[in-house]
Amino acid sequence: MTILGIDLGRSVGYAVERDGKLLASGTKVLGGTTLPEHLSDWLCWLRAIVERHGVDVIAYEQPLSPPRYARLSALLPIHEEAVLLLLAHRSGLRATCAPPPTIKKALTGSGRAKKPDMIEAAARVWDLTPNSPHHADALGVLTWAMGVEA
């Protein structure tokens, strides 16, 4: 089984694993100056990584509900989640998510971990240096998903 762990946002953290081996991971900065352009870039990138690695499960950190008058950057993860769910449904993939405290606890042992704690734990667990906090969060999502999907 191949699992893709995702940290949603303009800078997407991602990590792909199969049979305990990390196949790919990093941070992808998405383009687009308008919401439709951004979501189109997101869909193309997501579809390509799913197809390239033969992903079976897409796991992601549940987006937080933005305040009533949130900026577009706060709404992006919610729109990205909708595109992710549509792609998963149409491709016959399982999509699963967990709230941030659950992801943090899976990687660090504490649901209140801060960004530096996530980066340090990701480096220790995965034996690599995350290239961004988003990358570390994606490795946390992947760690959580591997436990749930096992």
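The expected span of a helix is 1.5 Å times one less than its number of residues. The model discussed here is a predicted one, and helix H1, residues 35-53, is a convenient place to try the rule. For the 19 residues of H1 the expected span is 27 Å, and the C-alpha atoms at its two ends are 27 Å apart, so expectation and model agree.

The next point is which residues of H1 face inward. Its buried residues are His38, Leu39, Trp42, Trp45, Leu46, Ile49, Val50 and His53. Viewed down the axis of H1, these residues fall within an arc of 130°, so they line one face of the helix. The face turned away from that buried side carries Pro36, Glu51 and Arg52, which are exposed. After H1 comes Gly54, with a positive phi near 60°.

The buried side of H1 leads to the interior of the model. The largest nonpolar core contains 22 residues. Within this core, the residues with the most contacts are Leu4, Ile6, Trp42, Trp45, Leu46, Val50 and Ile58. Several elements take part: strand S1 (2-7), strand S2 (11-18), H1, strand S4 (57-61) and helix H2 (72-91) each give at least two residues to the core. The largest share, six residues, comes from H1. A second core lies apart from this one and has 18 residues, among them Val57, Ala113, Ala121 and Ala136.

Ile6 shows what one member of the largest core touches. Setting aside neighbours within four places in sequence, Ile6 is in contact with Trp42, Trp45 and Leu46, among others. Its contacts also include Val12, Gly13 and Tyr14, then Ile58, Ala59, Tyr60 and Glu61, and finally Ala138 and Val141.

Just beyond S1, in the loop that joins S1 to S2, is Gly9. Is Gly9 buried or exposed? Its relative accessibility is 10%, and buried means under 20%, so Gly9 counts as buried. Not counting residues up to four places away in sequence, Gly9 touches Leu30, Pro77 and Glu80. Its C-alpha atom is separated by 8.7 Å from that of Val29, a residue 20 places away along the chain.

The loop between S2 and S3 holds Asp19. Asp19 has a positive phi, near 50°, in a residue other than glycine. Asp19 has a relative accessible area of 66%, and the cut-off for exposed is over 50%, so this residue is exposed.

Helix H4, residues 115-126, can be treated in the same way as H1. Its 12 residues should span 16 Å at 1.5 Å a residue, and its end C-alpha atoms are 16 Å apart, which agrees. Met118, Ala121, Ala122 and Trp126 are the residues to note here, being buried in H4. Down the axis of H4, the buried residues occupy an arc of 105°, so they too line one face of their helix. Exposed residues on the other side of H4 are Pro116, Glu120 and Arg124. The buried residues of H4 pack against S2, strand S3 (21-29), helix H3 (100-108) and helix H5 (133-149).

Lys115 also belongs to H4. With a relative accessibility of 40%, Lys115 counts as partly exposed, because that class lies between 20% and 50%. Apart from neighbours within four places in sequence, Lys115 is in contact with Pro133 and Asp137. The C-alpha atoms of Lys115 and Cys97 are 19 Å apart, with their positions 18 residues apart along the chain counted as a separation.

Just after H4 comes Asp127, in the loop between H4 and H5. Asp127 has a positive phi of about 55° although it is not a glycine. At 70% relative accessibility, Asp127 counts as exposed.

The last step concerns H3 and H5, two of the elements against which the buried residues of H4 pack. How do the axes of H3 and H5 cross? They come within 8 Å and cross at roughly 85°. Angles from 65 to 115 degrees count as roughly perpendicular, and therefore H3 is roughly perpendicular to H5. On the H3 side the contact is made by Thr102, Ile103, Ala106 and Leu107. On the H5 side it is made by Ala136, Asp137, Gly140, Val141, Thr143 and Trp144. Some of these names have appeared before: Ala136 is one of the residues of the second core, Asp137 is in contact with Lys115, and Val141 is in contact with Ile6.

Technical notes: Residues are numbered from 1 along each chain as its sequence is written. This is a predicted model: local features need pLDDT of at least 70, side-chain atom pairs count only at pLDDT 80 or more; totals for chains, interfaces and linings use all residues. Side-chain values use heavy atoms; hydrogens and water are left out. A nonpolar core is a set of buried Ala, Val, Leu, Ile, Met, Phe, Trp, Tyr and Cys residues joined through side-chain atoms within 4.5 Å. Buried means under 20% relative accessible area, exposed over 50%, partly exposed in between (1.4 Å probe, protein chains only). Helices (H or I, at least four residues) and strands (E, at least two) are DSSP runs, numbered from the N terminus. Contact means heavy atoms within 4.5 Å. The arc is that of the directions from the helix axis to the C-beta atoms. Axes are lines fitted to C-alpha atoms, for helices over the stretch in contact, and angles run from 0 to 180 degrees between N-to-C directions. Angles under 35 degrees count as roughly parallel, over 145 as roughly antiparallel, 65 to 115 as roughly perpendicular and the rest as oblique.
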